[in-house]
Structures are given as C-alpha cells and as structure tokens.
Amino acid sequence: MKILFFTLSILFTSIAISQTHQITKHNGEELDVNFIKLENDLVYYSLNGNTEEHKISKYAVSKITNKQSSKTQKVTDKVIVDSKSDYKFVTVLSQEKTIGLKQVANFSGVSTKTKGEPPIANKNQTAMRIKTESASNGYPFVSIVEKADGKYEAVAYVY
C-alpha cells in the first residue's frame, strides 16, 4: 500500500511541476516554461523545477501555447522595418522592456533645441530623429537615454 501511495504521489508531483506552456519568440526560438502572467509589457514565467520568476519583453514573444489544452494566445505581431519611411513602426522602449531582444547598434547625438519651443516639443523632435535613423537601418526597437548635457544615447534592438 505504501508503494502505491508513493508511486501516485511521484506521478502527480511530476505532472504538477512539468512545463505547461511553450513560448515562441519572433526569432524562432521556443521555450518550454510555466507561464505566470503578462503584465506591463513583460511576460513572466518560470523554468521547469524552479520557482524563480524570469521575464522577457512581450515584443520578443510571438505567442504562448498551453500544452495541455493546445490553446494559443498571440502576444505581438512581428514588426518589419525596411526603410526610412517606416519610422512610425519603430517602438521606443524603456531599458527594462528590452529583455529578450538583441542589441545591435548604439548611436548618439545632440538633442534638438529650437528657440521658443517647449521642452516636450524638443524631446519629440529628438525622438522622431532617432526613430527615423533606426528605421533607415532596419531596427524596429530603440531605447533612448537622455543625458544632462543636452546629448542622448540610443540603443537599437532586433528580434
């Protein structure tokens, strides 16, 4: 009887800690994980046999598939930026939301300052210039770090 209970407990424990979801990234990589939640543009998950919570940017994830029910949840569409005119498809992300994306280029410059313009208009013009430069190089994501001396540094990311 003890052997039967022990066998059943091992069986149910292995089912409980097995990976229940598959994350498919836009670059084709697939991860077998235990999906936790999708919050603040981040996908939270844990790996098999581990309770440590990991996260990845939702922009790097194409879909999440529940292995038990075979239901698929689409997370984001793949953004393709081919030319300078596609600047409107470039997404500006904060540094923490780039997890899972591949850093490909850094570029820097001086922020736009037009006399008589409010600071927000200058910030928007600088962002537009950065997005246009990123689009002309085919980078769909960019993170902007503004510095106190009127300069900026931008980091471009791809899938």
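Here are a few notes on this predicted model, going from one helix residue to the nonpolar cores and then to a strand residue.

1. Start with threonine 132, which sits in helix H2, the run covering residues 119–136. With a relative accessible area of 17%, threonine 132 is buried, because the cut-off for that label is under 20%.

2. What does the side chain of threonine 132 reach? Its partner is the backbone oxygen of methionine 128, at 2.8 Å. If you skip neighbours within four places in sequence, threonine 132 is in contact with Lys84 and Tyr87.

3. Now for the largest nonpolar core, which has 17 residues. Ile23, Val61, Leu101 and Phe141 are the ones touching the most other members. Strands E2 (30–39), E3 (42–46), E5 (61–66) and E10 (151–158) each give two or more residues to this core. Apart from it there's another core, of 12 residues, with Val142, Tyr152, Ala156 and Val158 among them. As background, nonpolar side chains in soluble globular proteins tend to be buried together.

4. Phenylalanine 141 is worth clicking on. Leaving out neighbours within four places in sequence, its contacts include Leu101, which is also listed with Phe141 among the residues touching the most other core members. Phenylalanine 141 is in contact with Val155, Ala156, Tyr157 and Tyr159 too, as well as Tyr59, Thr91, Leu93 and Ser134.

5. Last, leucine 31 in strand E2. Not counting residues up to four places away in sequence, leucine 31 touches His21, Gln22, Ile23, Lys25 and Tyr45. For a distance check, the C-alpha atoms of leucine 31 and isoleucine 64 are separated by 9.6 Å, with the two residues 33 apart along the chain.

Terms used:
Residues are numbered from 1 along each chain as its sequence is written. This is a predicted model: local features need pLDDT of at least 70, side-chain atom pairs count only at pLDDT 80 or more; totals for chains, interfaces and linings use all residues. Side-chain values use heavy atoms; hydrogens and water are left out. Helices (H or I, at least four residues) and strands (E, at least two) are DSSP runs, numbered from the N terminus. Buried means under 20% relative accessible area, exposed over 50%, partly exposed in between (1.4 Å probe, protein chains only). A polar contact is a pair of N or O atoms within 3.5 Å; within protein, one must be able to donate a hydrogen and the other to accept it, and residues adjacent in sequence count only if both atoms are side-chain atoms. Contact means heavy atoms within 4.5 Å. A nonpolar core is a set of buried Ala, Val, Leu, Ile, Met, Phe, Trp, Tyr and Cys residues joined through side-chain atoms within 4.5 Å.
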